[in-house]
Amino acid sequence: MDDTLRLLKGIERLLSELRRQPPDAWKPDNLEAFEGELSRATSGLGAHRLEESIRSAADSATTLQALDRLEEDVDRILRESIGDKRTEIEGQRFLHLLRNAADGVLIIDARTGRILDSNETARRDLGYSRDELHGLSMQEVDVALRPAPEEAWRALVDEVRTTEQPRLVEGVHQRRDGSTYPVETSLSFGSFGGQECILASSRNIVERKELEKRIRQQWKFFSQALDCSSDGFFAFDRSCSITFWSPAMEKILGVERARILGRNVFEVLRSLRDLGEERSFREALAGGPVSSQNLNFNASDSDRQTYFDAFYSPLF
């Protein structure tokens, strides 16, 4: 394609030079010389329609209008060739990304759900060779699609087709040996070789799932330990919503766990905002330990007064 573009540009230059010459200089010597250069330029060019058009026009060109039409024809085919080159480059870039992606990539026929192509990562994760994997249906790979394979696949395709951004889902893939592993898959709709396809980029998240499990176990142990403490402990997220409230906090401030979990602390305990503790919350979320002494808390639903010291520290 690079040679084609170079040849086309050379032909366009020859036409431009010929056009600048007066009509009485066109025949016969100059046109013979032009035809000789044209023959050499197009000797390796497969665009027979272009060659025939230029030769025919060169033989019969006696006016500027005829030469204008010839230039327009070359310009049009040159633009088509540039478009073809752009498509070729984009395709090569896509194939390079496909082959070298760290995630497993599958190109799937949107209509049938069968795998058309894959990269090395996907084949390694699933334990198939390229020939073995191609032609398999996604129901043979994705466990989540098996209860109602046709209905589940059609629903997934319809959802991905109508979504502008890639659809991110979690699932379970099954290897050739029957073992399974969790994946996080990004799904997008597109065209591959003129065929409607789903591009599925899947990441093995076994390590992430194991880490999440350990965090849950550690949090469970941590919560049980804090539940037994006589000091009050609570935790909040970036929106200042309470995520943990120990039994001791219920006793200290007189607010039950069920009433405050998941809610903004300053909406439930308005006295804390009056005491200026909102600033302490923000400073703790910014990453620094903060302390407040001799706070006088008044419960909004009673006359009860409590004095306490508060210590805040980020957990991230």
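The legends below describe close-up views of a predicted model.

**View 1. Five strands form an open antiparallel sheet.** The strand order is E2-E1-E5-E4-E3, and the pairing is antiparallel. Strand E2 (115–118) and strand E3 (167–174) are the edge strands, each pairing on one side only. From one strand to the next, the twist averages 35 degrees. Strands of a sheet pair through backbone hydrogen bonds, in either a parallel or an antiparallel sense.

**View 2. Strand E4 (residues 180–192) pairs with E3 and with E5.** Eight bridges join E3 to E4, and these two strands run antiparallel. Within this pairing, Leu 168 stands opposite Ser 186 of E4. E4 and E5 are also antiparallel, with 10 bridges between them. Here Val 183 stands opposite Asn 204 in E5.

**View 3. Strand E1 (residues 104–109) pairs with E5.** The two strands are antiparallel and share six bridges. Asp 109 stands opposite Cys 197, a residue of E5. In a regular strand, side chains alternate between the two faces of the sheet.

**View 4. Helix H8 (residues 206–227) lies across part of the sheet.** The strands it crosses are E3, E4 and strand E5 (195–204), and the helix runs at about 130 degrees to E4. Phe 222 is located in H8. Together with Trp 219 and Leu 315, Phe 222 makes a nonpolar surface patch of about 320 Å². Phe 222 counts as partly exposed because its relative accessibility is 35%, a value between the limits of 20% for buried and 50% for exposed.

**View 5. Asp 227 of helix H8 and its contacts.** Asp 227 lies in helix H8. Leaving aside residues up to four places away in sequence, Asp 227 touches Phe 244, Ser 246, Pro 247 and Arg 257. Asp 227 and Pro 247 are 20 residues apart along the chain, and their C-alpha atoms are separated by 5.8 Å. With 30% relative accessibility, Asp 227 counts as partly exposed.

**View 6. A salt bridge joins Arg 203 and Asp 103.** The N to O distance between the two side chains is 3.0 Å. This pair links distant parts of the chain, 100 residues apart: Arg 203 is in strand E5, whereas Asp 103 is in the loop between helix H4 (64–100) and E1. The two partners fall into separate accessibility classes: Arg 203 is partly exposed at 45% relative accessibility, while Asp 103 is buried at 17%. Asp 103 counts as buried because its 17% relative accessibility is under the 20% cut-off. A search of the whole structure finds 14 salt bridges.

**View 7. A salt bridge within helix H5 (residues 120–126) joins Glu 120 and Arg 123.** Both residues lie in H5, three residues apart, which is about one turn of the helix. Their side chains meet at 3.4 Å, N to O. Glu 120 is partly exposed, with a relative accessible area of 43%. Arg 123, at 14% relative accessibility, counts as buried.

**View 8. Glu 278 and Arg 273 form a salt bridge.** The side chains meet at 3.2 Å, N to O. Glu 278 counts as partly exposed at 27% relative accessibility, and Arg 273 counts as partly exposed at 40%. Elsewhere, Glu 170, Glu 184, Arg 208, Lys 209 and Glu 212 are joined into one network by salt bridges that share partners.

**View 9. Cys 240 has a positive phi.** The phi of Cys 240 is about 65 degrees, although this residue is not a glycine. Most residues other than glycine have a negative phi. Cys 240 is placed in the loop between strand E6 (234–236) and strand E7 (242–245). The residue counts as buried because Cys 240 has a relative accessible area of 0%.

Methods. Residues numbered from 1 in each chain as written. Predicted model: local features only at pLDDT ≥ 70, side-chain atom pairs only at ≥ 80, totals over all residues. Heavy atoms only, no water. Pairing = 2+ DSSP bridges. Helix = DSSP H or I, 4+ residues; strand = E, 2+ residues; numbered from the N terminus. Axes fitted to C-alpha atoms, helices over the stretch in contact; angles between N-to-C directions. Contact = heavy atoms within 4.5 Å. Patch = residues over 30% accessible without salt bridge, like charges linked within 9 Å, V, L, I, M, F, W, Y side chains within 5 Å. Areas by Shrake-Rupley, 256 points an atom, 1.4 Å probe, with all protein chains shown as cover. Salt bridge = Lys/Arg side-chain N within 4 Å of Asp/Glu carboxyl O. Buried < 20%, exposed > 50% of the residue type's maximum accessible area, 1.4 Å probe, protein only.
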